[in-house]
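Welcome to my notebook. I opened this structure to look around, and these are my entries in the order I made them.

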Amino acid sequence: MIKIGAHISSAGSIDLSFDRAKEMGAECMQIFISPPQMWVKPEISPQKIERFRKKAEESGIGPNFIHGVYLANLATSSPESLEKSIDWLRFSLKTADILGLKGTIIHVGSHKGSGFAGCLKQVAQAIKEILDSSNSSFSYLILENCAGSGGTIGCNFNELGQILKQVRSDLIGVQDDRLKVCLDTQHAFASGYDLRTEEGVWKTLQEFDQEIGLENLIAIHANDSKTELGSKKDRHENIGQGLIKEAGFRFLIKALQTNPKVSDVVLLLEVPGLEGKGPDKPNLDLLKSYLK
Ligand SMILES: [Zn+2]
């Protein structure tokens, strides 16, 4: 069954995210474990971990995810920045394990124009180092597709597919499938995947299946788009108020529901919200209404 949730604020204390999720009716969630614009690795006290795990169990909200810091860039040409990225993501995987979270969703990063081919090896090696440091068998590292500006990696499914193949077959072995993918609908639309029509949605999922494999699709960032198809701009809009429109999301949900490979994927909202305070109940209710 498809679950619908959202990015939820963890301000104050991470366990409060469950209270906020419950209030707006989110069935699963994504949180930051540290300010996304900084290299911070906050220590989480045993009491907070216990509270977090207890609320997870009591609320039944999940699977839940961490969104990585925006600074992380596995394709950077700076050794120092690469080391910081690997170090933070190792910390995030460890934290996800401690908190019982399903995984850490990250943007792969940007090569700033030098080309994908030249940084594929570095990215794959970095991912291997991150996964190697984790003993968890249930917590994933999840690569998100991007909108496509400034040499960012993963704006088409082929690039993400190449990374998965390189990491699995050459580095950690095909049996290790802890590397997964998150599809952001706004980013996909901005990078040229037409999600407005039924045919476009089917084509998009078909290409995803060919290049990455739909069995690797773990989560969807369900966001409408402020900017045009192929604009390469990362601008999220409330569900139904952007250019993908209600019809696009209805087609997407229908396509997911009828495909056994993805019929239990989770949808997470990262929309501005009607009051501009982030994902809210009206957006969640609207998306949920498309399930029927
Ligand atoms: Zn996203």
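**Entry 1: S110.** I started with S110, which sits in the loop between β4 (103–107) and α4 (120–132). A note to myself before going on: this is a predicted model.

Is S110 buried or exposed? I looked up its relative accessible area and found 9%. The cut-off for buried is under 20%, so a residue at that value belongs in the buried class, and S110 is indeed buried.

Next I checked what surrounds S110. Leaving out neighbours within four places in sequence, I found it in contact with N73, A75, T76, G150, G151 and T152. With G151 there is also a polar approach: a polar atom of the S110 side chain lies 3.3 Å from the backbone oxygen of G151.

**Entry 2: the pockets.** I then turned to open spaces. The largest pocket has a volume of about 340 Å³, and 20 residues line it. Nearest its centre I noted Y70, H107, C146, T152 and D234. I had already met T152 as a contact of S110. By class, I read off seven nonpolar, eight polar and five charged residues in the lining of the largest pocket.

The second largest pocket holds about 210 Å³ of space. Its lining has 13 residues, and H67, Y70, H107, H236 and E270 are the closest to its centre. I sorted this lining too: four nonpolar, six polar and three charged residues. I was pleased to spot Y70 and H107 here, since I had them on my list for the largest pocket as well.

**Entry 3: the cores.** Which residues touch the most other members of the largest nonpolar core? I found I127, I163, L267 and L287, out of 80 residues in that core. Helix α3 (residues 79–99) gives the most to this core, with eight residues.

I followed I163 a little further. Setting aside neighbours within four places in sequence, its contacts are V108, F116, L120, V123, I127, L143 and I153. There is also a second, separate core of ten residues, including F65, I105, Y140 and A219.

**Entry 4: K3.** Last, I went to strand β1 (residues 3–7), where K3 lies. K3 counts as partly exposed, at 26% relative accessibility. Its side chain reaches the backbone oxygen of G62 at 2.6 Å. Not counting residues up to four places away in sequence, K3 touches E27, C28, G60, G62, P63, V265, V266 and L267. I recognised L267 from the largest nonpolar core.

Key
Residues are numbered from 1 along each chain as its sequence is written. This is a predicted model: local features need pLDDT of at least 70, side-chain atom pairs count only at pLDDT 80 or more; totals for chains, interfaces and linings use all residues. Side-chain values use heavy atoms; hydrogens and water are left out. On a 1 Å grid over the protein atoms alone, a cavity is a set of points where a 1.4 Å probe fits but cannot get out, and a pocket is an open set with protein on both sides within 12 Å along at least five of seven lines; lining residues have an atom within 4 Å of a point. Grid points are joined across faces, edges and corners, and a volume is the space filled by probe spheres set on the points. Ala, Val, Leu, Ile, Met, Phe, Trp, Tyr, Cys and Pro count as nonpolar, Asp, Glu, Lys and Arg as charged, and the others, Gly among them, as polar. A nonpolar core is a set of buried Ala, Val, Leu, Ile, Met, Phe, Trp, Tyr and Cys residues joined through side-chain atoms within 4.5 Å. Buried means under 20% relative accessible area, exposed over 50%, partly exposed in between (1.4 Å probe, protein chains only). Helices (H or I, at least four residues) and strands (E, at least two) are DSSP runs, numbered from the N terminus. Contact means heavy atoms within 4.5 Å. A polar contact is a pair of N or O atoms within 3.5 Å; within protein, one must be able to donate a hydrogen and the other to accept it, and residues adjacent in sequence count only if both atoms are side-chain atoms.
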